[in-house]
Every structure is written in structure tokens, then in C-alpha cells.
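Let us read a structure together, one feature at a time. Please have the model open as we talk.

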Amino acid sequence: MLFLWATIQPLSAQTKPERCGTMPMYEQHLKQRWRKQGLQSFENWMAHQLSQRSTQRTHSTVYTIPVIVHIVHDGDEVGFNNNIPADQVLSQMIVLNQDFRRTNPDKTGTPTVFADVAADTEIQFELAVLDTNDKKLEEPGIHRYEDKSRSSWSMNDIEQILKPATSWDPSKYLNIWVVKFSSSGTLGYAQFPEQSTLTGITVDPTTDKPETDGVAINTRFFGSNHTSAGSSFDLANTFDRGRTVTHEVGHWLGLRHIWGDGDCSADDFCADTPNAGKNNDGLNDCSEVINSCTDDSFDDMYQNYMDYTGDKCMNLFTKDQKARMRTVLENSPRRKEVAQNARFVLSTDQSQVLANSSQLFPNPANSNTQLRLQNTLTGEVDIIITDLSGKVLQKAVSQKNGQNWSYQIASQVLPKGVYIVTLRMKDGSFSKRLVKQ
């Protein structure tokens, strides 16, 4: 697993913040030989998957990722200080989708030489509609978490305390924690999919945990002041367009920094991003021409979301980056599952939840049959028994108050034949066939 850290000094005219200070943490990992082998095995696996993918005809599927944003605060009123308003979350979602679908208004800033490789990743993001108990969220995609014991969090405490206490099932949600970091000026970090239980990939059992999976962002770097959602959010200067989250989600989906975290000989494993000898941290003049590797005829692609330039200069992912991210979504556990499970947490129709958690037993039936539910939904339950023509033969109302619920169907009074058992709750329904012998 590779944690992607971003540690900087307090914001001032004399200091330039890093978007994602990966290297200090990465170098610590390299001191452990097995860790280096684990990262390389991920790249070997990725290369194999990309090779396999290139030989197959793939349909153009748009993957949708459900998002839950954990807003962490110490008692602030909703919309104030660290308890940021829902509109700020919306502004970030607008940017995230624009950037990944290449509908960003500033795509016109992509240099002509890179226009042919700029890509719509066909990955999009939606705020979750249902919570972990299959209940409709009052604020879509938002979980507000109050801890009055502290006003800011160290990265160690985020990993060991905050995330395990608040994480939602990472096979169903992309968890994003919006939290004030105690280390001054930290932008954020993401959990790399290298820790994915894939064959041949070495993991650290002390840190490779599903409950830490996701992205953590400093409150001042989450959201945008340049969308229809608003323009007065308290965001850091030059980082007020939401590109920190775009960058970190790129890491969450398997992207490396475009300079390969090294010199001109380092690789980001994407052939269509030119070699770069360094990051372009702090660059805000988007007209500047930079070529840090003189043996490469192409200039640095500092407009790429995986560089360190200021938000206003970033405007593209490439086709190879797209292929890499989609390979992760199609193969890596948790990443694959979160896309597959999207329909369950993005719809208020709970019919699938009801159908998947129901049982008619015994079926075929003789003297009696029990209808059972095992899920977290609660409320009034309507039970309707009809024949195949739709004629209602039995009807009842019950109440489900907990995880387990059952209802005894009076099948003994039904003639031999096939019947339809329909169950309805507030936000969904399903029907099953019942055979009476």
C-alpha cells in the first residue's frame, strides 16, 4: 500500500504548499525491501491487465462511483467553519465530474500538442442517496461527524481513530474525509489500490485495512469557488478550484505522479505523459513553457491533474491514465465492487434490497409458508397474495421494527397451484412466486 501524503508549511507569501507530498512517505516505504517489491508487483500486475485489456474489445461503459463525504468538526453549526455547507460539497462534486468527464470549462487551456491524448475517463461520481442502513440520507452524500475533543487531527489519528470510527463500507462508497489537519498546511492524501488483496501483491497487515480506504482532504482545499454552487467558500488561494480532490481521487484509482516521483528516468507508467524531471509545484502562470527533460521533445504536461501546479492550470487526464484507472475499476477488489454496487446506494428504490434479503420457506408449500426479511429497513409492510390473473386472495399489514421480520402466510387455505406474493414498503416492493402442493 502506498499512502499519498501532502505536508506543507503554513500558507503565506513565502511558502508554497505541495499538493501531495508523496515522496517522504514513499522513501520510508522503500527502506523496507518487501514494500518495494509490493509496489513493483502492483505495477507488474497493472501492466499485465492493461495488456490483456488492449487485446479485448471493450464496450464504452460509464462507471459511476457513489461518494460519502464525512465532514468532521468539533461542534460548529452547520455551514460554519469546519462544518462546511452542503453547497461546498456540491461544488466539489461538480468539479470532480467535470474533470473526469472532460466537461471542465477550462479544457480550452489544454495545449494543442496534448489535445489528441486528452480523455474523457468515462468515470463519474454521485453523492450517495442511502446510508449504511439503507435509509435515505437527509443530505445526499454527507455524513456530519462531531468530535468535541479536538479541533484538528494529526494524520496518525486520522488513520488510527477517525477513519475506523466513521468509514462506510468501501465496497459501496468512496469515502472522503473533510477534516482540519493539525499538521500545518496539509492538503490531503489517498489510499493507493496497491493494497487490494491481488495475487502477488505484498501488503502490510498493520495498515492494509478496508476501514482506512479512501481520501482525506484538508477543509480549506475541498470545494471550488468557480462553479454555480457558490463563490464565497473559505478556500486556500490558488487551490480554490477543487483540483486537490481530483488529484487525490486519481491516486485512489491507481495513478502515479506524472514525473514518476523521480528524475527524467522515472516512470509514471503512462506512455502518453511526457517525461518530466520534477514536479511543477507552485506554477500559476499557465502560459509558461517548460521542458525539464531535454532529451524529450515534448514539454512538461504540467496541465495534467497529477502534477503539482496551481488549480487554474490543471485541465486534463490522458488516454493512458484513463486506461489505468478503468483497469483498476474493472479488476481491483473494493474498486471493482464500489462500481458494481453503485445502483444500491444511489437509488431511493429499495426494491432490490427487499428482494435480496427475502425468503419464502418452505416453497413449494403444503400447510403453511413463512415470508421472511433480514435487512435494516423498518416501517409498515403490506403483504398481498394474488393468483396468476391478479385476483387478490389475501391481504395483510404488518410492522417491521428490527433486522429480522417474518409473516405466516395462510397457505393451507389456498388450492393447489401457483400464486404471487407481493411485499411493499415505503420505498420499494418485490414479488415472488409461491407454489402450493
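The dialogue below goes from a helix to the cores, a cavity and the backbone.

Q: What kind of model is this, and how are residues numbered?
A: This is a predicted model, where local features need pLDDT of at least 70, side-chain atom pairs count only at pLDDT 80 or more, and totals for chains, interfaces and linings use all residues. Residues are numbered from 1 along each chain as its sequence is written, and side-chain values use heavy atoms, with hydrogens and water left out.

Q: How do I read a helix, and which residues of α4 are buried?
A: An α-helix has 3.6 residues a turn, so residues three or four places apart point the same way. Helices here are DSSP runs (H or I, at least four residues), as are strands (E, at least two), numbered from the N terminus. Buried means under 20% relative accessible area, exposed over 50%, and partly exposed in between, with a 1.4 Å probe and protein chains only. In α4, residues 155-166, the buried ones are M155, I158, E159, L162, K163 and T166. Seen down the axis, they fall within an arc of 130°, so they line one face of α4. That arc is taken from the directions from the helix axis to the C-beta atoms. Q160 and A165 are exposed on the other side.

Q: What covers the buried residues of α4?
A: Contact means heavy atoms within 4.5 Å. The cover includes strands β1 (63-73), β3 (142-146), β4 (174-179) and β5 (188-190).

Q: Which residues have the most contacts inside the largest nonpolar core?
A: In soluble globular proteins, nonpolar side chains tend to be buried together. A nonpolar core is a set of buried Ala, Val, Leu, Ile, Met, Phe, Trp, Tyr and Cys residues joined through side-chain atoms within 4.5 Å. The largest one has 43 residues, and F125 and V249 have the most contacts inside it. β1 gives the most to this core, with 5 residues. Apart from this core lies another, of 19 residues, including L360 and L434.

Q: What does F125 touch?
A: Leave aside neighbours within four places in sequence. F125 then contacts I65, V67, M93, L96, N97, F100, L174 and V249.

Q: How many residues of α5 are buried?
A: α5 is mostly covered, with 10 of its 10 residues buried. Among them are R243, T246 and V249. Just after α5, G254 takes a positive phi of about 100°.

Q: Is D99 buried or exposed?
A: D99, in helix α3, is buried, with a relative accessible area of 1%. Beyond its neighbours within four places in sequence, D99 contacts N104, R243, T246, Y305 and F317. D99 and R243 are 144 residues apart along the chain, yet their C-alpha atoms are separated by 8.4 Å.

Q: What are the phi values of R102 and E122?
A: Most residues other than glycine have a negative phi, and most peptide bonds are trans. R102 has a positive phi of about 50°, and E122 one of about 55°. R102 is in the loop between α3 and β2, and so is E122. R102 counts as buried at 16% relative accessibility, and E122 is buried at 13%.

Q: Which residues are joined by a cis peptide bond?
A: One cis bond joins F361 and P362, with omega about -10°. Another joins N363 and P364, with omega about 15°. P362 is in the loop between β7 (358-361) and β8 (369-374), as is P364.
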